[in-house]
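I opened the model to go through its strand pairings and one buried side chain. My entries follow in the order of the look-ups.

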Amino acid sequence: MGRIISLGWVVACLLIGLASPAAASAQGGCPRPGVGTEAKAPPDLFSSNGLLQFQLNYQTGIDSKGRTLFCFVTPDGAESPTLHVNPGDTVKIALTNALPQVPGGPEEQISDACGDSTMTLTSVNMHFHGMNVTPACHGDEVIHTLINSGETFDYTIKIPKNEPPGLYWYHPHIHGISSAAVQGGASGAIVVEGIEKIQPAVSGLPERLLIIRDQPLASSPLSKPAGAPRIPNWDVSVNYVSVPYPNYPPAFVKMQQGGKEFWRVANAGANTILDLQVMYDGQAQPLQIVGFDGVPTGSQDGKRQGTIVTQNDVLVPPAGRVEFIIAAPSSGVHNAQLVTNTINGGPSGDANLARPLVQIRTSATPSGLRRIPKPNGPPNPQRFENLADAKVTTTRTLYFSEIHVASGVNPPSLHPPENDSHTLFYITVDGQRPLLFDPSNPPAITTTQGSVEDWIIQNRSDEVHEFHIHQIHFLLEEVNGRRVPKGHQQFYDTYQVGYWNDKSKKYPSIKVRMDFRGAVVGDFVYHCHILDHEDGGMMAIIRVLPKAGG
């Protein structure tokens, strides 16, 4: 499956399928709120007695702008529900692919299939992003799992007892069409409960969940006059409320004056990078950050008590999450907004422009949001405790790179549409030959359960990339060769590596510590989480072997 499948091609083929009489009922399958409306919380599903069991349908539809939508919906119509679980719980999902078949679309055969063995434009699976769970078949397995139109597949996800409490998410992860699926909106949040035991400052606060997604532009001029403002590559939405170019009418939320709220924000965009700020009359407000990527800040030193990190803005790459406490605007504030700032992604990078996202309206009445409970019992053990002081068994260097291919040039083992210029994306272990991802590729890295590794990840291209690894988190140790002070090091599952455009300087890089001391064994992947890059080949397989006698 080395094919590069363009977003436009996917959408065009699906529009043909949706236009058929058999698919007519699917056109309203992913309802969306109107522009400028309230960013209401997604529906909630809670585990009970250690189990969360439910059904999901993978559906599609077309919005008023002709964009193809995708979504996960329960049989009673709850779209993209938030899954609330506790450490030690089991999640069982019966996922049915309710998409219409696309006649005449491309197909690829895969070996060692988990589910169907034929990949099509309507295949789906689920990735439980950030969860430290098994990559075995019917678990968080994305390399060989295919669910095709009309098929039902059962997932069983066992949440470890030492899973850090915080914000995670789920989305499809079919290589070649993952960007189209995520831009269509097929994503939802997972909350591992118990953060108040590690970050007691959030106890009793109203909890607000904001899921920021991207989507193709609803309005894009065919030509741009000289001197006109830049155009973003993508529109964005907040809890499915679109914030469209060029005027960016924001969604809105209601906060109670004089209070504080606990905001859990996920960048569920396929390609859009965010630099978030809360602005009151033009002044950036302090964000009291209590968690990155599902791991409470400062929580992995063995004491099981977190620290608060205060910042005025926070970079959130595609797939990143940040959780913070924010004070509501006072009665004297005239304009209160959550915004994103312009990102310099490099000469070849997408245009991620500044724009408002959410207008904050205040009133004297409570918001009605669910409140975080008081701590009840001690914190659970933490998955990555004392990693900073662990003995390193191996050090590796990996790098991102790109090759721009002219029209009509097809490199070996790649079959893009004819007469299409494109870019090939790679993530490579230094010393190995660059390879586009293919599920039949052998593992690029093999390690053993119990290992602790330092990885230096370089960027040898002229646009930023977002490093992500499945099944584990990593400790950020260095950025561009500069040591992060030990007391300020945090855990992530996705982190940006800057772009390289000065041939006289070293490659931009990060150094991260990988923790294979947990229960996870088997094959899983690491990749750039700009999903157009992942679909274009920037992904590879790692194999974790069981430890001797394990």
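How many bridges join strand 28 to strand 29, and do they run parallel or antiparallel? I found 8 bridges between strand 28 and strand 29 (residues 422-429), which run antiparallel. Strands here are DSSP runs of E of at least two residues, numbered from the N terminus, and two strands pair if DSSP finds at least two bridges between them.

Before going on I noted the basis: this is a predicted model, in which local features need pLDDT of at least 70 and side-chain atom pairs count only at pLDDT 80 or more, while totals for chains, interfaces and linings use all residues. Residues are numbered from 1 along each chain as its sequence is written, and side-chain values use heavy atoms, with hydrogens and water left out.

Strand 28, continued. I looked up Val405 and found His422 as its bridge partner in strand 29. Strand 28 (residues 394-405) is also joined to strand 31 (residues 452-459) by 7 bridges, and these two run parallel. There Thr394 has Glu453 of strand 31 as its bridge partner.

Open sheet, order 1-4-13-12-9. I counted 5 strands in this sheet, with mixed pairing. Strand 1 (44-46) and strand 9 (127-129) are the edge strands, each pairing on one side only. The twist averages 25 degrees from one strand to the next; axes are lines fitted to C-alpha atoms, and angles run from 0 to 180 degrees between N-to-C directions. Within the sheet I checked strand 4 (residues 82-85) against strand 13 (residues 188-192): they pair in the parallel sense over 3 bridges. His84 stands opposite Val191 of strand 13.

Open sheet, order 30-39-38-32-36. I again found 5 strands and mixed pairing. The edges are strand 30 (445-448) and strand 36 (494-497), each pairing on one side only. Strand 30 runs parallel to strand 39 (residues 539-545), joined by 4 bridges, and Thr448 stands opposite Leu545 in strand 39.

Arg355. I placed this residue in strand 27 (residues 355-363). Arg355 is buried (under 20% relative accessible area, 1.4 Å probe, protein chains only). It has no salt bridge (a side-chain nitrogen of Lys or Arg within 4 Å of a carboxyl oxygen of Asp or Glu). The nearest side chain of opposite charge is Asp235, 4.8 Å away. I then looked for backbone oxygens by the Arg355 side chain: that of Trp234 lies 2.8 Å from one of its polar atoms, and the side chain reaches that of Leu353 at 3.3 Å. Leaving aside neighbours within four places in sequence, Arg355 is in contact (heavy atoms within 4.5 Å) with residues including Pro232, Tyr248 and Val339.

Technical notes
Buried means under 20% relative accessible area, exposed over 50%, partly exposed in between (1.4 Å probe, protein chains only). Lys and Arg count as positive and Asp and Glu as negative; His and the chain ends are not counted. A polar contact is a pair of N or O atoms within 3.5 Å; within protein, one must be able to donate a hydrogen and the other to accept it, and residues adjacent in sequence count only if both atoms are side-chain atoms.
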